[in-house]
Amino acid sequence: MATIVVLGAGAMGSALCRPLVDSGWNVRLWGTWLDDHLLDEIEAGHPHPRTNVPLAPGVKLYRSNQLAEALDGVNVAVMAVASQGVPKVTELALGGISKADAMWLTSKGFSPDERGKIQLLPDAIRRIASQHAVTLPPIVAIAGPVKANECAAGLTTCTIFGCKDEAVAKRYAAMTTTDNYAIKATDDETGVEICAPMKNIYAIALGIADGLGEATGSPHHNLKAAAFAQAVKEMSFLGQRLGAEEATAYGLAGVGDLEVTGLSGRNKVYGTRIGKGQSAKDAFKEMERLEQTVEGYPAAGLAMKLVAQHGIDVTREMPLLAAVAGIIDASVKDPEVAVALAVRPLNS
Ligand SMILES: NC(=O)c1ccc[n+]([C@@H]2O[C@H](COP(=O)([O-])OP(=O)(O)OC[C@H]3O[C@@H](n4cnc5c(N)ncnc54)[C@H](O)[C@@H]3O)[C@@H](O)[C@H]2O)c1
């Protein structure tokens, strides 16, 4: 039986244990120093506090000071911490990860290097490894429309595994697919890794439309749908500029994940608060107080730097990204006007 360790016992890390157990992996779950209260609840026999679903049976738990034991002899290590924790957890786990056959990555975000250059997470992980003279196994980027609570409960879920070596993605897809967890394999690591954080940013715009509806009593569905279409266009555009396939943004990683995040994800909830009149800063503080990570918040500024790095005219080519970034950094005063202007089709 192959052994896998999931690094990060938050909503997603714990949820992924469900299909892993169902598909026959021997599963370990390692909690960071921020996860003790989550592991306490699980050990007390309660559901996971973030998903409200009990952890899949048979998963062995490891505390933050047991990282070496958790990684010992694993076939696969899964990085499942929030993007801001990826560099640190990568550094701590490098020794174990280098001995595994593959590293999977469910974290979604961008990562700045020491000089402030923005990298996609797999590139950042490879850079950290090379700085420590460590050779990494292939990285499998995981994305798609996966709400942690539904995945944890074993409800039908479709996801995408992206690895530069498509045979690796296909092998793990075949090993992990269950009746309720279907996996598409692709070699478009870049496309998968661009859509994952970008959809968090765009979900904020979808939430703003919902918040405007709640605040005024008049649904803003037209605005929300136009923002959705613009978001997909911008994800596909950015992907292609960075070497991804056009189609990836139109599949599970782009359209699929944006749909699920725009229905009820934390980034959308954050946007709804803004649409209802809260300032971007106050809404973020409130989400933090509720332990609700809003990854689109830091990702928006990082994405603006990334597009600048690639010489993209953001106002013209990616106006919705510019609008959300401006709302977040308060350079834009009226979120409704900013989103509405950004989704108007250009005919020239
Ligand atoms: N929740 C979902 O439905 C879902 C689905 C797919 C992918 N993801 C991605 O998985 C990742 C984790 O999301 P989640 O929903 O489990 O979030 P969560 O807030 O429930 O858990 C966050 C995890 O990251 C760790 N973490 C947070 N900040 C850290 C830091 N500074 N240093 C080290 N570790 C840190 C926490 O200890 C915890 O293990 C995110 O990148 C998210 O985008 C989430």
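**Buried positions, helix α12 and the ligand shell**

With a relative accessibility of 3%, Ser-236 counts as buried, because buried residues are those under 20%. In this predicted model, Ser-236 belongs to helix α9, which spans residues 221-241. When neighbours within four places in sequence are left aside, the contacts of Ser-236 are with Glu-246, Ala-249 and Tyr-250. The C-alpha atoms of Ser-236 and His-310 are separated by 15 Å in space, while the two residues stand 74 residues apart in sequence.

A second buried position is provided by Thr-186, which lies in strand β10, residues 181-186, and which counts as buried because its relative accessibility is 8%, under the 20% limit. The side chain of Thr-186 makes a polar contact with the backbone nitrogen of Asp-188, at a distance of 2.9 Å. Beyond residues up to four places away in sequence, Thr-186 touches Ile-160, Phe-161, Gly-162, Cys-163, Glu-166, Ala-169 and Val-192.

Helix α12, formed by residues 280-289, contains the buried residues Ala-280, Ala-283, Phe-284 and Met-287. These residues lie on the same side of α12, because they cover an arc of only 100° around the axis. In an α-helix there are 3.6 residues a turn, so residues three or four places apart point the same way. The cover over the buried residues of α12 includes α11 (266-275), α13 (296-309) and α15 (319-328), whereas the face turned away from the buried side carries Lys-281 and Arg-289, both of which are exposed. After α12 comes Glu-291, a residue with a positive phi near 60°.

The ligand is surrounded by 26 residues, of which Met-12, Thr-32, Asp-35, Ala-82 and Glu-295 come nearest. By residue class, the shell around the ligand divides into 11 nonpolar, 9 polar and 6 charged residues. Polar backbone atoms approach ligand oxygen atoms at two of the positions examined, with a distance of 2.8 Å for Ala-11 and of 2.9 Å for Ala-148. A side chain also takes part, since a polar side-chain atom of Thr-293 lies 3.1 Å from an oxygen atom of the ligand. Of the 820 Å² that the ligand exposes when taken alone, the protein buries 88%.

Terms used
Residues numbered from 1 in each chain as written. Predicted model: local features only at pLDDT ≥ 70, side-chain atom pairs only at ≥ 80, totals over all residues. Heavy atoms only, no water. Helix = DSSP H or I, 4+ residues; strand = E, 2+ residues; numbered from the N terminus. Buried < 20%, exposed > 50% of the residue type's maximum accessible area, 1.4 Å probe, protein only. Polar contact = N/O pair within 3.5 Å; in protein donor to acceptor, adjacent residues only side chain to side chain. Contact = heavy atoms within 4.5 Å. Arc of directions from axis to C-beta. Near = heavy atom within 4 Å. Areas by Shrake-Rupley, 256 points an atom, 1.4 Å probe, with all protein chains shown as cover. Nonpolar A, V, L, I, M, F, W, Y, C, P; charged D, E, K, R; others polar.
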